[in-house]
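Work through the exercises below with the sequence and the coordinates open. Each task is followed by a solution in steps.

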Amino acid sequence: MVEAFKITARELRRNLKIHVKYPDNYDQIERKYPIVIFFDGELFYNYIGEDTKVFDTDKITYDIKEDTILVFLHSPAIKEWRMSELNPYYNGDNKDVDTVLSYIYFEYITHIVLPILKQRFRILEDQVYLFGINEGAIAALSMVYKYKEYKGACLLNPTLKLCDDKINEDLKNNFTCKKSIYLYRGGNATDSKEDDLFYHLCTRFDSLRTEILKYDFNTEGDNSYLDLSEHISIGIKHILLNK
């Protein structure tokens with residue numbers, strides 16, 4: 001079952017579109033569920049008049065949909081605005097990106113949206129997880145160590161070359177090992193600098209002795225949506241092991 005709604009998010013200066021996918025038997029069984037919050041929800045569901053969906057959401061969530069509530073937060077259509085919300089470490093040359101907005105966004109999701117979801121759906125308080133691809137993975141990584149509310153994160157192809165070095169400092173000083181992490185990156189014809197940064201991130205998590213950690217580097221994977229889609233269910237099932 002899927003429910004769609006919007007929140008007038010004055011702090012974000014936009015309407016926040018949300019899709020929630022919950023078990024088909026949700027109304028028949030009185031139980032609480034883990035929740036996974038996705039960034040870039042427009043890749044998974046379209047609103048009327050939109051054409052941004054690229055994933056076969058029903059297919060990739062087939063074997064987890066009955067055990068988990070999946071929440072898809074849509075990002076702004078404007079590239080610079082999206083980047084401003086999702087990457088607090090942005091080090092690119094686009095002067096229209098304002099990383100201050102990311103801290104507002106993270107606070108809004110954690111202290112406004114998450115409580116609304118907890119009121120509206122039966123959610124296990126200690127099993128809230130994050131999911132992100134590309135810049136969305138940077139947002140998930142940032143939030144999972146900043147906030148105690150999140151138990152873990154699934155990170156696919158994080159765009160680390162668009163981050164300054166402070167990301168490593170923050171991980172070293174603030175990350176708690178009591179989290180579950182899944183990392184994936186394809187390595188076919190990709191940027192060698194990005195590969196090195198990904199390897200460094202994996203070793204960083206190793207050194208932090210993260211409670212439940214898995215990382216995949218597929219030399220044949222090309223980081224296309226088709227490639228990444230194969231790891232969505234794998235990653236979510238992995239992080240949910242940390243209960």
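**Exercise 1. Two positive phi angles**

Task: In this predicted model, classify Arg13 as buried or exposed, do likewise for Asp40, and describe the backbone at both sites.

Solution.
Step 1. Arg13 has a relative accessible area of 59%. The cut-off for exposed is over 50%, so Arg13 is exposed.
Step 2. Arg13 sits in the loop that joins β1 (2-9) to β2. Its phi is near 60 degrees, a positive value in a residue other than glycine.
Step 3. Asp40 has a relative accessible area of 3%. Buried means under 20%, so Asp40 is buried.
Step 4. Asp40 also belongs to a loop, the one between β3 (33-38) and α1 (57-60). For Asp40, phi is again near 60 degrees, positive in a residue that is not glycine.
Result: Arg13 is exposed, whereas Asp40 is buried.

**Exercise 2. Chain dimensions**

Task: Decide how the radius of gyration of the protein chain stands against the globule rule, then describe the extent, burial, contacts and surface of the chain.

Solution.
Step 1. The protein chain contains eight helices and eight strands. Its radius of gyration is 17 Å, and the globule rule gives 18 Å for 243 residues; the two are close, so the chain is as compact as a globular protein of that length.
Step 2. Along the principal axes, the C-alpha atoms fill a box of roughly 50 × 35 × 35 Å.
Step 3. Buried residues make up 55% of the 243 in the protein chain.
Step 4. Take the contacts with a separation of 6 or more: 73% of them are between residues 24 or more positions apart.
Step 5. The accessible surface is about 11300 Å². Carbon and sulfur atoms hold 49% of that surface.

**Exercise 3. The largest pocket**

Task: What is the volume of the largest pocket, and which residues are the closest to its centre?

Solution.
Step 1. The volume of the largest pocket is about 360 Å³.
Step 2. The pocket is lined by 19 residues, and the closest to the centre are Glu42, Ser75, Pro76, Ala77 and Ile78.
Step 3. Sort the lining by residue class: seven are nonpolar, five polar and seven charged.
Step 4. Assign the lining to secondary structure: β2 (14-21) and α2 (79-86) each contribute at least two residues.

**Exercise 4. The largest cavity**

Task: How many cavities of 30 Å³ or more does the structure hold, and which residues line the largest cavity?

Solution.
Step 1. The structure holds one cavity of 30 Å³ or more. The space in the largest cavity is about 30 Å³.
Step 2. The lining consists of Glu11, Leu12, Trp81, Glu85, Leu101 and Ile104.
Step 3. By class, four of these residues are nonpolar, none is polar and two are charged.
Step 4. At least two lining residues come from α2, and at least two from α3 (100-120).

**Exercise 5. Two buried strand residues**

Task: Locate Ile37 and Leu130, and list the contacts of each beyond four places in sequence.

Solution.
Step 1. Ile37 is part of strand β3. Its relative accessible area is 1%, so Ile37 counts as buried.
Step 2. Leu130 is part of strand β5 (residues 123-133). Its relative accessible area is 0%, so Leu130 is buried too.
Step 3. Ile37 touches Val71, Leu73, Leu114, Leu117, Val128, Tyr129, Leu130, Phe131 and Tyr150.
Step 4. Leu130 is in contact with Val36, Ile37, Phe39, Ala140, Met143, Val144, Tyr150, Gly152, Ala153, Cys154 and Ile239.
Step 5. Compare the lists: Ile37 and Leu130 touch each other, and Tyr150 appears in both.
Step 6. Use Leu70 as a reference point. Ile37 is 33 residues from Leu70 in sequence, with 6.1 Å between the C-alpha atoms. Leu130 is 60 residues from Leu70, with a C-alpha separation of 9.8 Å.

**Exercise 6. A glycine in a loop**

Task: Where is Gly187, and which residues does Gly187 touch beyond four places in sequence?

Solution.
Step 1. Gly187 lies in the loop between β7 (180-186) and α6 (192-207).
Step 2. The contacts of Gly187 are Phe217, Asn218, Thr219 and Gly221.
Step 3. For Phe217, 30 residues away along the chain, the C-alpha distance to Gly187 is 6.6 Å.

Definitions and conventions:
Residues are numbered from 1 along each chain as its sequence is written. This is a predicted model: local features need pLDDT of at least 70, side-chain atom pairs count only at pLDDT 80 or more; totals for chains, interfaces and linings use all residues. Side-chain values use heavy atoms; hydrogens and water are left out. On a 1 Å grid over the protein atoms alone, a cavity is a set of points where a 1.4 Å probe fits but cannot get out, and a pocket is an open set with protein on both sides within 12 Å along at least five of seven lines; lining residues have an atom within 4 Å of a point. Grid points are joined across faces, edges and corners, and a volume is the space filled by probe spheres set on the points. Helices (H or I, at least four residues) and strands (E, at least two) are DSSP runs, numbered from the N terminus. Ala, Val, Leu, Ile, Met, Phe, Trp, Tyr, Cys and Pro count as nonpolar, Asp, Glu, Lys and Arg as charged, and the others, Gly among them, as polar. The radius of gyration is taken over C-alpha atoms; the globule rule is 2.2 Å times the number of residues to the power 0.38. Buried means under 20% relative accessible area, exposed over 50%, partly exposed in between (1.4 Å probe, protein chains only). Contact means heavy atoms within 4.5 Å. Accessible areas come from the Shrake-Rupley method with a 1.4 Å probe; for residues, only the protein chains shown count as cover.
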